[in-house]
Amino acid sequence: MSDVKQYILLALYAWAAVSSLMLILWFISLKTKNAAIVDVGWTFGLLTCAVVYSCFAPGDSLRKALLLMMVGVWAFRLGGYLFLTRVWKQPEEGRYQQIRRDWQTNINLKFFFFFELQGVLDVVLSLPFLLAAVNTRDQLGWVEELGVLLWLGSMIGEAVSDTQLNAFKQDPANKGKTCRIGLWNYSRHPNYFFEWFIWVSWLLFALGSPHGWLAIVSPALMLYFLFKVTGIPATEAQALRSRGDDYRRYQETTSVFVPWFKLAPSKSATASDG
């Protein structure tokens, strides 16, 4: 079987599995009236892809086991965090409430396609996993080892970011306020920053495989989504709706993505504060 046919067949297996997962989660969202479960599904959909590739791809067993470990730890940490903070005994997140208001009609059907689109996106983004899983070489190269180290550091950074934000939200005195503790004092989205570097680490892990350079599609797409689609724009729009001027002041002085030193507020912001 040619490489292209093999890749397509494995991707179809993954799509069938993830599509089924998203269908189940869509039914659950109809029952709970909380579409935020799609975020949890997106995370575990990627793990599903990694499991499918590890089961059916002909690659080295140790490499596939390491791949499953990295994706599994990432999925259970992030997916568990999203489930506990956005789904379990939680009201539907503001972003999805706004989507319902914008869509107005045929909302459930539109959410069905939204859920299934996340499954397709999972398959596209899982390209680094597929490429690593078909690699039959029995030793890791130094670039792959570098990818594992970057993954570990990024996982720690994202976990710290999420823990700091969750602790801030748990304090009732902080209701309506913007988190400025720890890493959030230096970046408005440190969790997204470290999340993106996790995707860069998977690119590095795939580079040791045949056609591994194709994996650049995944971190490139993630960066686009974070800056232009569902990441930073939606999160900041909701923050402005819920926190208003406090968040505007935060925007004026804090780096949007890369953790950095505080910025000087603009004259207009200073004048409005006065």
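**Confidence**

I began with residues 269-274, where pLDDT (the predictor's confidence in each residue, from 0 to 100) stays under 50. For this stretch the model has three contacts beyond four places in sequence, contact meaning heavy atoms within 4.5 Å. The protein averages a pLDDT of 92, and 96% of the residues score at least 70.

This is a predicted model, in which local features need pLDDT of at least 70 and side-chain atom pairs count only at pLDDT 80 or more, while totals for chains, interfaces and linings use all residues. I number residues from 1 along each chain as its sequence is written, and side-chain values use heavy atoms, with hydrogens and water left out.

**Arg 63 and the H3/H8 contact**

I looked up Arg 63 next and found it in helix H3 (residues 61-87). Helices here are DSSP runs (H or I, at least four residues), numbered from the N terminus. Is Arg 63 buried or exposed? Arg 63 is buried, with a relative accessible area of 1%. The classes are buried under 20% relative accessible area, exposed over 50% and partly exposed in between, with a 1.4 Å probe and protein chains only.

I then listed the contacts of Arg 63, leaving aside neighbours within four places in sequence. They are Ala 132, Asn 135, Arg 137, Gln 139, Leu 140, Glu 144 and Phe 205.

Phe 205 also appears where H3 meets helix H8, which spans residues 190-206. The axes of these two helices come within 12 Å and cross at roughly 170 degrees. H3 is therefore roughly antiparallel to H8. Axes are lines fitted to C-alpha atoms, for helices over the stretch in contact, and angles run from 0 to 180 degrees between N-to-C directions. Angles under 35 degrees count as roughly parallel, over 145 as roughly antiparallel, 65 to 115 as roughly perpendicular and the rest as oblique.

From H3, the contact takes in Arg 63, Leu 66, Leu 67, Met 70, Val 71, Trp 74 and Leu 78. H8 contributes Glu 195, Ile 198, Trp 202 and Phe 205. I sorted the residues of this contact into nine nonpolar, no polar and two charged. In this sorting Ala, Val, Leu, Ile, Met, Phe, Trp, Tyr, Cys and Pro count as nonpolar, Asp, Glu, Lys and Arg as charged, and the others, Gly among them, as polar.

**Helix H4**

Which residues of helix H4 (residues 94-103) are buried? I found Gly 94, Arg 95 and Tyr 96. The buried residues of H4 pack against helix H2 (37-56), H3, helix H5 (107-125) and helix H10 (232-253).

I took the H10 contact further. The axes of H4 and H10 come within 9 Å and cross at roughly 90 degrees, and the two helices are therefore roughly perpendicular to each other. Gly 94, Arg 95 and Gln 98 in H4 meet Ala 234, Thr 235, Gln 238 and Arg 241 in H10. By class, the residues of this contact are one nonpolar, four polar and two charged.

**Backbone on either side of H4**

Most residues other than glycine have a negative phi. I noted Lys 89, not a glycine, with a positive phi of about 55 degrees. Lys 89 sits in the loop between H3 and H4 and counts as exposed at 72% relative accessibility.

Gln 104 is also not a glycine and has a positive phi of about 65 degrees. Gln 104 is placed just after H4, in the loop between H4 and H5, and is exposed, with a relative accessible area of 65%.

**Thr 32**

Thr 32 belongs to helix H1 (residues 3-32) and is partly exposed, with a relative accessible area of 44%. I checked its distance to Val 87: 55 residues apart in sequence, 9.0 Å apart in space, C-alpha to C-alpha.

**Aromatic pairs**

Rings of Phe, Tyr and Trp (its six-membered ring) pair if their centres lie within 6.5 Å; planes under 30 degrees apart count as stacked, over 60 as edge-to-face and the rest as tilted. By this rule I have 26 aromatic pairs.

Phe 112 and Phe 113 have ring centres 5.3 Å apart and planes at 70 degrees, so the pair is edge-to-face. Phe 112 is partly exposed at 22%, and Phe 113 is exposed at 53%.

For Phe 193 and Phe 194 the centres are 5.2 Å apart and the planes at 80 degrees, so this pair is edge-to-face. Phe 193 and Phe 194 are buried. Ring pairs link Phe 193, Phe 194, Trp 196, Phe 197, Phe 227 and Phe 257 into a cluster.
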